[in-house]
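Open the model in a viewer and keep the sequence panel beside it. The stops below say what to select next and what is found there.

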Amino acid sequence: MPVVLVFAGLDPSGGAGIAADLAAIAAQGAHALPVVTALTVQDHNRVYDVVPVDSSLLARQAQALIDSVQIGAVKLGIPGNRANAEAIAALVDQLRRRDPALPVVLDPVLASGHGDALSRGDALAALAPLLAVATLVVPNLREAQELGPLACPHVLVTGGHGDGPEVVNRWRGDNQEQEWRWPRLAGEFHGSGCTLAAAIAARLALGESMADALERAQSYTHQSLAQSFAIGAGQRIPQRLPSLL
Ligand SMILES: Cc1ncc(CO)c(N)n1
């Protein structure tokens with residue numbers, strides 16, 4: 001079974017973060033190892049607090065898995081703070097010594113859709129160690145602007161936060177470029193970025209090429225959003241279970 005090591009925060013609404021990653025990865029036919037980086041206080045619309053997990057506990061959780069499981073890809077969500085990002089980067093470096101081609105997908109979350117903080121301290125500073133180890137970064141338009149030029153081998157900029165009748169997602173790879181256009185769906189969604197990045201990581205763990213993984217994960221995410229459901233007023237939750245898509 002292809003395995004994805006996930007570092008992400010717990011969103012108790014079940015819409016984003018590690019709960020989203022688990023469902024999206026399972027839906028691709030891979031198995032997730034969920035290492036929690038932070039607990040958050042949030043609902044499906046707003047974030048009220050972020051409490052990072054102790055970085056040495058985080059490292060021990062991942063180390064137990066690294067020592068006994070064959071890991072095919074890594075997905076990085078929010079680290080919670082800079083200390084956790086540094087611990088995660090060191091773990092990825094260790095995995096790379098074992099498998100130099102290990103795919104590492106980073107969702108560079110700077111804030112929630114509403115602009116609420118998802119990091120203790122400077123969110124940009126907390127991302128730096130993760131940007132240094134990622135093979136693919138998946139920023140939305142706002143994050144791409146704030147992060148500036150990215151040195152990662154692959155960047156997929158998502159256009160969900162733009163306007164116009166189509167969502168335009170742009171990939172720049174080693175020596176390839178591609179653009180995808182998806183019909184823009186009505187409504188706002190909670191956890192769409194997590195869904196996409198996790199699905200890409202799972203597909204890379206399955207052994208797909210970057211181009212195939214990006215294409216299929218976008219298609220899956222689009223379907224998940226098209227079949228999304230409400231749990232209250234405001235943002236909708238993507239339907240990530242394939243049997244219900
Ligand atoms: C834990 C967590 N990670 C990521 C996001 C971004 O959607 C969120 N709201 N919560």
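A residue counts as buried when its relative accessible area is under 20%, and as exposed when that value is over 50%. The model on screen is a predicted one.

**Stop 1: Leu118**

Select Leu118, in the loop that runs between strand 5 and helix 4 (123-133). Is Leu118 buried or exposed? Its relative accessibility is 12%, so Leu118 counts as buried. Now add Pro79 to the selection. Leu118 and Pro79 are separated by 39 residues in sequence, while their C-alpha atoms are 8.9 Å apart in space.

**Stop 2: the ligand**

Keep Leu118 on display and show the ligand. Leu118 is one of the residues around the ligand, together with Gly9, Ala16, Gly17, Thr40, Gln42, Ile78, His190 and Cys194. The ligand taken alone exposes 280 Å², and the protein buries 89% of that. Colour the shell by class: 4 of its residues are nonpolar and 5 are polar, with no charged residues. Then pick Gln42, where a polar side-chain atom lies 3.0 Å from a nitrogen atom of the ligand.

**Stop 3: from Gln42 into the sheet**

Gln42 also leads to the sheet, since strand 2 covers residues 31-42. In strand 3, the residue opposite Gln42 is Val47. Strand 2 and strand 3 are antiparallel and pair over 5 bridges. The two form a hairpin, with 4 residues between them.

**Stop 4: the whole sheet**

Hide the side chains and show the strands as a cartoon. In what order do the strands of the open sheet lie? The order is 3-2-1-4-5-6-7-8-9, which takes in 9 strands with mixed pairing. At the edges are strand 3 (47-52) and strand 9 (177-183); each has a single partner strand, so one side of each has no neighbour in the sheet. As background, the strands of a sheet pair through backbone hydrogen bonds, in a parallel or an antiparallel sense.

**Stop 5: strands 4 and 5**

Select residues 73-76, which are strand 4, and residues 104-106, which are strand 5. These strands run parallel and are paired over 3 bridges. Lys75 is found opposite Val105 of strand 5.

**Stop 6: strands 6 and 7**

Next, select strand 6 (residues 136-137) and strand 7; the two run parallel and are joined by 2 bridges. Val137 stands opposite Val155 of strand 7. Add helix 5 (residues 141-147): strand 6, helix 5 and strand 7 together make a right-handed β-α-β unit.

Turn the side chains of strand 7 (residues 154-157) back on. Which residues point the same way? His154 and Leu156 point one way, Val155 and Val157 point the other way, and all are buried.

**Stop 7: strands 8 and 9**

Stay with Val155 and look across to strand 8, where its bridge partner is Arg172. Strand 7 and strand 8 (residues 166-172) are antiparallel, with 3 bridges between them. Moving on, strand 8 and strand 9 pair over 7 bridges, again in the antiparallel sense. Val167 has Trp182 as its bridge partner in strand 9. Between strand 8 and strand 9 are 4 residues, and the two strands form a hairpin.

**Stop 8: Gly187**

Finish at Gly187, in the loop between strand 9 and helix 6 (192-205). Is Gly187 buried or exposed? With a relative accessibility of 51%, Gly187 counts as exposed. Select Leu225 as well: Gly187 and Leu225 are 38 residues apart in sequence, and their C-alpha atoms are 9.4 Å apart in space.

Technical notes
Residues numbered from 1 in each chain as written. Predicted model: local features only at pLDDT ≥ 70, side-chain atom pairs only at ≥ 80, totals over all residues. Heavy atoms only, no water. Buried < 20%, exposed > 50% of the residue type's maximum accessible area, 1.4 Å probe, protein only. Pairing = 2+ DSSP bridges. Right-handed = clockwise from strand over helix to strand, strands pointing away. Near = heavy atom within 4 Å. Polar contact = N/O pair within 3.5 Å; in protein donor to acceptor, adjacent residues only side chain to side chain. Areas by Shrake-Rupley, 256 points an atom, 1.4 Å probe, with all protein chains shown as cover. Nonpolar A, V, L, I, M, F, W, Y, C, P; charged D, E, K, R; others polar.
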